[in-house]
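Here are my comments on the model you sent round. Please read them with the sequence and the coordinates open.

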Amino acid sequence: MARLTTDIVIAAGLRQAASRGIFAAILRKGDARAGAIFVEVEKSATEARLLARQLNYENEYEWVCITGEGWVSSAMVQERLSRETEYDPDCWIVSVQDSEGRNIFAL
């Protein structure tokens, strides 16, 4: 089965966010066909986390929090994003500001 391209996945997530009144914006555009996706979720001014889309053992995409179990500071998220973009300059970064801390791609 063919997979959706990254730009289509991003567009669908942004539409989902808009339909639920969640602010979401693209901070960095990556490879339109197969770029990695990182989602910076800001729950409050002091609580954030960084999610990444990864393939699991069943060859299906899942969302993994790569900044640990709980909420961390925005500075820690930015530090991790800096390392990720050095490693993969074709990645996408989406910023979400939601008081409930939802992942717009898993709604």
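The points below take up one helix, the cysteines, a loop residue and a residue after the last strand discussed.

1. The model is a predicted one, and each point below should be read with that in mind.

2. Helix H2 covers residues 74-87, which is 14 residues. At 1.5 Å a residue the expected span is 20 Å, and the C-alpha atoms at the two ends are 20 Å apart, so the length agrees with expectation.

3. Which residues of H2 are buried? They are Val77, Leu81, Glu84 and Thr85. These residues lie on the same side of H2, because the arc they cover around the axis is only 95°. Note that Glu84 is among the buried residues of H2.

4. The other side of H2 carries the exposed residues Ala75, Glu79, Glu86 and Tyr87. Glutamate thus appears in both sets: Glu84 is buried, whereas Glu79 and Glu86 are exposed.

5. What do the buried residues of H2 pack against? Their partners are four strands: S1 (23-28), S2 (37-42), S3 (48-55) and S5 (92-97).

6. How many disulfides does a search of the whole structure find? The search returns zero. In general, a disulfide is a covalent bond between the sulfur atoms of two cysteines. For Cys65, the closest cysteine sulfur is that of Cys91, at 16 Å, which is too far for a bond. The cut-off applied to a pair of cysteine sulfur atoms is 2.5 Å. Seen from Cys91, the closest cysteine sulfur is that of Cys65, and the 16 Å between them again rules out a bond.

7. The two cysteines also differ in accessibility. Cys65 has 24% relative accessibility and therefore counts as partly exposed. Cys91 has a relative accessible area of 0% and is buried.

8. Asn56 sits in the loop between S3 and strand S4 (61-65). Is this loop residue buried or exposed? Its relative accessibility is 18%, so Asn56 counts as buried; the cut-off for buried is under 20%. A polar atom of the Asn56 side chain lies 2.9 Å from the backbone nitrogen of Glu58.

9. Glu100 belongs to the segment after S5. With 54% relative accessibility, Glu100 counts as exposed, the cut-off being over 50%. Glu100 and Gly21 are separated by 79 residues in sequence, and their C-alpha atoms are 12 Å apart in space.

Key: Residues numbered from 1 in each chain as written. Predicted model: local features only at pLDDT ≥ 70, side-chain atom pairs only at ≥ 80, totals over all residues. Heavy atoms only, no water. Expected span 1.5 Å × (residues − 1). Buried < 20%, exposed > 50% of the residue type's maximum accessible area, 1.4 Å probe, protein only. Arc of directions from axis to C-beta. Contact = heavy atoms within 4.5 Å. Polar contact = N/O pair within 3.5 Å; in protein donor to acceptor, adjacent residues only side chain to side chain.
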